[in-house]
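Subject: Structure for your review

Dear colleague,

Please find below the structure that I am handing over to you, together with its sequence. My findings follow directly after it.

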Amino acid sequence: MKLDTCEASPSNNVLLQLFCCAALLLMATFSSAAHANESCKSLLATGNPEYPPYLWRDPEDENRLIGANAEWMQLLSKEIGIPIDIKYVGPWGRVQEEAKLGRVDLLAGAFFTLPRLEYMDYFYPAFRETRTVIWTRNNYNLPYKKWADLAGKQGVTVINNSFGEDFDRYAKESLKISMVPSLEQALKMLSLSRADYLIYEEDPGLAYVAKLNITGLKTVTPPITNENLYLTLSHKSACNTPEMRGRIAKAVYKLDKQNVMNKLIAVNIQLWRKQQSK
């Protein structure tokens, strides 16, 4: 029986035709999966480069990202048996564009948003929960207790940052928030009274305030959101196959059960402080 011809003819048996076409489809599927596995020899990961103690650029090699998330990715690499290279590809806005285009495979830390589902797969559970807060100046009276208290004030944050679906929607409809390329620029704008408040995560914000030696800033409660950080895989990645997604999902679950992130964060807070003191 030839499997390369499934054309109908009066003498063809219908069942034989169906079997023939099914066999061809199965062979094509196996061929495609094999090709994908062959092309996935390594994974390129990146993330927000202004995100200590989670991620930041290595002072000794600025093309490389280091931090708690980078170390977590190396543990993931061992679990899935494929090298993961963690590189700097630009600021956070550029990082997300690179993921959309499939020029990077993995994002080592992203909040969940519906628009991002259009170009990335998320892996569960989240590997870290982060706290986003309002930053302001010590000498500025900002009586903040709820989101509505920010109405009429000038805010600032970093381009393409998300703080959860609910807050993002509210901010778009009701708040005045400028977007700038970097956290460093945002903190300087706040310090120079060019903004009334800054929205950003607490731990990275504290790290950058210390690095820039900025004084006179404070955080106010309650937090804007408590958001989860997820590992994501670009839809256009050559490694995005059912088999690879399964391997990564199992590894993420295992690492979550081992509760490794708390230790990695503690170690990398100390590393960041040591580097900034030089």
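In this predicted model, Glu202 and Arg131 form a salt bridge whose closest N and O atoms are 2.8 Å apart. Glu202 belongs to helix α6 (residues 202-212) and Arg131 to strand β7 (residues 120-137), so this pair ties together parts that lie 71 residues apart in sequence. Glu202 has a relative accessibility of 19% and therefore counts as buried, the limit being under 20%. Arg131, at 31% relative accessibility, counts as partly exposed.

The structure contains twelve salt bridges. Another of them links Lys188 to Glu184, with 3.2 Å between the closest N and O atoms. Here the partners are four residues apart in helix α5 (residues 183-191), which means that about one helical turn separates Lys188 from Glu184. Both partners are partly exposed: Lys188 has a relative accessibility of 40%, and Glu184 has a relative accessible area of 25%. Elsewhere, Arg94, Glu98 and Arg103 are joined into one network by salt bridges that share partners.

A further salt bridge involves the sheet region described below. Arg64 pairs with Asp58, and their closest N and O atoms are 2.5 Å apart. Asp58 is buried, at 8% relative accessibility, whereas Arg64 is partly exposed, at 40%.

As to the sheet, three strands form an open arrangement in the order β2-β3-β4, with antiparallel pairing. Its edge strands are β2 (50-51) and β4 (61-66), each of which pairs on one side only. Between β2 and strand β3 (residues 55-58), the antiparallel pairing runs over two bridges. Within this pairing, Tyr51 stands opposite Leu55 in β3.

Tyr51 also appears in the lining of the largest cavity. How many cavities of 30 Å³ or more are there? The count comes to one. The space in the largest cavity is about 80 Å³. Besides Tyr51, its lining includes Asn48, Trp92, Gly109, Ala110, Phe111, Arg116, Asn161, Ser162, Glu201 and Leu229. By class, the lining residues divide into five nonpolar, four polar and two charged.

I should be grateful for your comments on any of these points.

With kind regards

How values were computed. Residues numbered from 1 in each chain as written. Predicted model: local features only at pLDDT ≥ 70, side-chain atom pairs only at ≥ 80, totals over all residues. Heavy atoms only, no water. 1 Å grid on protein atoms, 1.4 Å probe; cavity = no way out; pocket = protein on both sides within 12 Å on 5 of 7 lines; lining within 4 Å. Points joined across faces, edges and corners; volume = space filled by probe spheres on them. Nonpolar A, V, L, I, M, F, W, Y, C, P; charged D, E, K, R; others polar. Pairing = 2+ DSSP bridges. Salt bridge = Lys/Arg side-chain N within 4 Å of Asp/Glu carboxyl O. Buried < 20%, exposed > 50% of the residue type's maximum accessible area, 1.4 Å probe, protein only.
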